[in-house]
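Please open the model in a viewer and keep the selection panel at hand. The tour below proceeds from one selection to the next.

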Amino acid sequence: MNAQNASLGNVTIAQLEEKRHPKDSAAVLAILYSNIAIDLNANGNSQKTTTKKVKIYKSEGYNLSNVLIYFATGKLSYVNIVSAYTYNLVDGKIVKTKLKPENEFIEKTNSSYWIKKIAFPEVKEGSIIEYQFTEEGGFSSLYHWNIQENIPVNYSELKTTLPDAFEFKRNLKGFFLLK
């Protein structure tokens with residue numbers, strides 16, 4: 001999938017009709033598009049924007065489609081759901097269902113972190129879910145980013161914006177060099 005075809009709201013009938021992942025027929029779901037953008041300013045504050053589009057192939061993927069956002073206790077105001085939709089094919093037409101506030105939950109796990117959970121409406125085999133959320137806070141370290149996961153990932157991207165006061169040192173490990 002090209003990044004240009006993966007923008008939010010750009011879901012095609014062909015994507016919804018796809019019955020299994022072309023490279024992993026056993027996959028219960030796949031990430032069609034993943035983008036994480038981190039903006040740091042010179043004061044050490046950061047904003048992270050996460051955008052994902054996920055295809056559900058089998059009913060076993062329903063629970064995996066739920067989104068969990070971990071955040072520091074009492075810092076919910078720093079987590080903002082920008083967009084969250086479920087897409088389905090009904091009678092040959094694309095039906096878009098928006099996330100409702102009652103599908104967002106807070107789990108108070110311990111004294112340090114809480115979890116914001118998003119349960120997408122109308123998820124079934126063949127659905128595509130997409131979402132975008134932002135997190136704001138102080139800078140501690142760059143976000144941990146996995147290019148690949150236990151499920152197929154068609155496209156994954158990490159963008160960082162660093163102020164001139166910061167210096168970036170690239171440290172790659174493994175046999176293959178990134179392009």
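Two strands are taken as paired if DSSP finds at least two bridges between them; strands are DSSP runs of E with at least two residues, numbered from the N terminus. This is a predicted model, in which local features need pLDDT of at least 70 and side-chain atom pairs count only at pLDDT 80 or more, while totals for chains, interfaces and linings use all residues. Residues are numbered from 1 along each chain as its sequence is written, and side-chain values use heavy atoms, with hydrogens and water left out.

**First selection: a sheet**

Select residues 113-118, which form strand β7. Strand β6 runs antiparallel to β7 and is joined to it by 4 bridges. Within this pairing, F105 has K117 of β7 as its bridge partner. Now add β3: the 3 strands make an open, antiparallel sheet in the order β3-β7-β6. Its edge strands, β3 (67-72) and β6 (104-107), each pair on one side only. On average, neighbouring strands of this sheet are turned by 25° against each other, direction ignored (axes are lines fitted to C-alpha atoms, and angles run from 0 to 180 degrees between N-to-C directions).

**Second selection: the largest pocket**

Select I31, K52, L68, Y131 and E149, the residues closest to the centre of the largest pocket among the 30 that line it. A pocket is an open set of points on a 1 Å grid over the protein atoms alone, where a 1.4 Å probe fits, with protein on both sides within 12 Å along at least five of seven lines; lining residues have an atom within 4 Å of a point. The volume of the largest pocket is about 730 Å³, taken as the space filled by probe spheres set on the points. Strands β1 (29-40), β2 (45-56), β3 and β8 (128-138) each give two or more residues to its lining.

**Third selection: aromatic pairs**

The structure holds 5 aromatic pairs, that is, rings of Phe, Tyr and Trp (its six-membered ring) with centres within 6.5 Å; planes under 30 degrees apart count as stacked, over 60 as edge-to-face and the rest as tilted. Select Y33 and Y155: their ring centres are 5.5 Å apart and their planes at 5°, so the pair is stacked. Because Y33 lies in strand β1 and Y155 in the loop between β8 and β9 (156-161), the pair ties together parts that are 122 residues apart in sequence.

Is Y33 buried or exposed? Y33 is buried, at 10% relative accessible area, whereas Y155 is partly exposed at 21% (buried means under 20%, exposed over 50%, partly exposed in between, with a 1.4 Å probe and protein chains only).

Finally, select Y131 and F133, a stacked pair with 6.2 Å centre to centre and 10° between the planes. Both residues are buried, and F120 joins Y131 and F133 in one aromatic cluster.
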